[in-house]
Amino acid sequence: MFSDIHASWEKVLSAEFVKPYFQTLISFVKNEYVTRTCFPKKTEIFAAFDHCPFDKVKVVIIGQDPYHGFGQANGLCFSVNDGIAFPPSLTNIFKEIQVDLDQPFPKTGNLECWANQGVLLLNATLTVRESEAGSHQKQGWERFTDAVIQKISEDNQNVVFLLWGGFAKKKGAKIDRTKHFVLETGHPSPLSANRGFWFGNKQFSRTNDYLKSIGKQPINW
């Protein structure tokens, strides 16, 4: 289950994989997948890393949990599989892109196309039980993904970190802002967006403007 993460990440995270907390996490997740219905599929637990190699990371978006409805989660935060109805947060993301970049509303909620361009779509917790939001929290995933964020901050330069909502802002506390470009705004969930904390933030055009300013290819959102 855990041996097929992209080689670029295996190299930089090798010290993390041998720590006792991670070994305990492995045992927990393996047992959960045997005894419960869990998401995403075992082969997609590390999809965010597999689609976006360490040395290709240009943008990091931080989510919280995978979707816990059947067939939704595909290992990328905010993303759903082809043919699945858009969850409310994803709908609001696409609405903002539509206005910010004058782009048509997409037909699929699968964000693999973002990940393949260098957008790390990182959930804080990488697995979840069906219909039980937060069920795999506080088992070690948060410590692991903190280490991922810190490694990106330490070893890379000029990465755009998009921190949406209070949880993501806390998760990004250790980012070196002298080396990276950090944009903060409200969460795209209806609760936040409908109170004026999401729409009009221009996260996507501002990200692309920054990437172009440092000579990198902008993201085709």
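**Glu10**

I began with Glu10 in this predicted model, asking whether its side of the chain is buried or exposed, and I noted that at 40% relative accessibility Glu10 counts as partly exposed. I placed Glu10 in helix 1, which covers residues 7-12. Setting aside the neighbours within four places in sequence, I found Glu10 in contact with Ile5 and Phe17. I then looked up Phe54, which is 44 residues away from Glu10 along the chain, and read a C-alpha separation of 9.4 Å for the two.

**Aromatic pairs**

I turned next to the rings, and the count came to 23 aromatic pairs. One of them joins Phe22 and Phe144, and I entered this pair as tilted, with 5.2 Å from centre to centre and 45 degrees between the planes. I asked which parts of the chain this pair ties together. Phe22 belongs to helix 3 (residues 20-35) and Phe144 to helix 7 (residues 141-155), so the pair connects parts that are 122 residues apart in sequence. I checked the burial of both partners: Phe22 is buried at a relative accessible area of 1%, and Phe144 is likewise buried, at 0%.

I then went to Phe181 and Tyr210, whose ring centres are 4.5 Å apart and whose planes meet at 15 degrees; because planes under 30 degrees apart count as stacked, I entered this pair as stacked. Phe181 sits in strand 6 (residues 181-185) and Tyr210 in helix 10 (residues 203-213), and the pair links these distant parts of the chain across 29 residues. I noted Phe181 as partly exposed, at 24% relative accessibility, whereas Tyr210, with a relative accessible area of 16%, is buried; the cut-off for buried is under 20%, so the two residues fall on either side of it.

I also followed the ring pairs outward and asked which residues they link into a cluster. My list reads Trp9, Phe17, Tyr21, Phe22, Phe46, Phe49, Phe54, Trp141 and Phe144. Phe17, which I had already met as a contact of Glu10, is one of the cluster members, and the tilted partners Phe22 and Phe144 are also among them.

**Backbone**

I looked over the backbone and found a cis peptide bond between Phe39 and Pro40, with omega at about -5 degrees. I located Pro40 in the loop that runs between strand 1 (38-39) and helix 4 (47-51).

I next entered two residues with positive phi. Phe78 is not a glycine, yet its phi is positive, at about 70 degrees; I found Phe78 in the loop between strand 2 (59-63) and helix 5 (88-101). At 10% relative accessibility, Phe78 counts as buried. Asp102, also a residue other than glycine, has a positive phi near 55 degrees, and I placed Asp102 in the loop between helix 5 and helix 6 (112-115). Is Asp102 buried or exposed? I recorded Asp102 as exposed, with a relative accessible area of 69%.

**Ser153**

I went back to helix 7 for Ser153, which lies in that helix and is buried, with a relative accessible area of 3%. I asked which residues Ser153 is in contact with once its neighbours within four places in sequence are left aside. I wrote down Lys174, Ile175, Asp176, Lys179 and His180.

**The whole chain**

I closed with the overall values. I read 10 helices and 6 strands in the protein. The radius of gyration is 17 Å, close to the 17 Å that the globule rule gives for 221 residues, so I noted the protein to be as compact as a globular protein of that length. Along the principal axes, the C-alpha atoms fill a box of roughly 45 × 35 × 25 Å.

I found that buried residues make up 53% of the 221 residues. Among the contacts with a separation of 6 or more, I noted that 66% come from residues 24 or more positions apart. For the accessible surface I entered about 10,300 Å², with 51% of this area belonging to carbon and sulfur atoms. Finally, I looked up the charged side chains, 25 positive and 22 negative, and found the centres of the two sets 3 Å apart.

Note on methods
Residues numbered from 1 in each chain as written. Predicted model: local features only at pLDDT ≥ 70, side-chain atom pairs only at ≥ 80, totals over all residues. Heavy atoms only, no water. Helix = DSSP H or I, 4+ residues; strand = E, 2+ residues; numbered from the N terminus. Rg over C-alpha atoms; globule rule 2.2 N^0.38 Å. Buried < 20%, exposed > 50% of the residue type's maximum accessible area, 1.4 Å probe, protein only. Contact = heavy atoms within 4.5 Å. Areas by Shrake-Rupley, 256 points an atom, 1.4 Å probe, with all protein chains shown as cover. Lys, Arg positive; Asp, Glu negative; His and termini not counted. Charge placed at Lys NZ, Arg CZ, Asp CG, Glu CD. Phe/Tyr/Trp six-rings, centres within 6.5 Å; stacked < 30°, edge-to-face > 60°.
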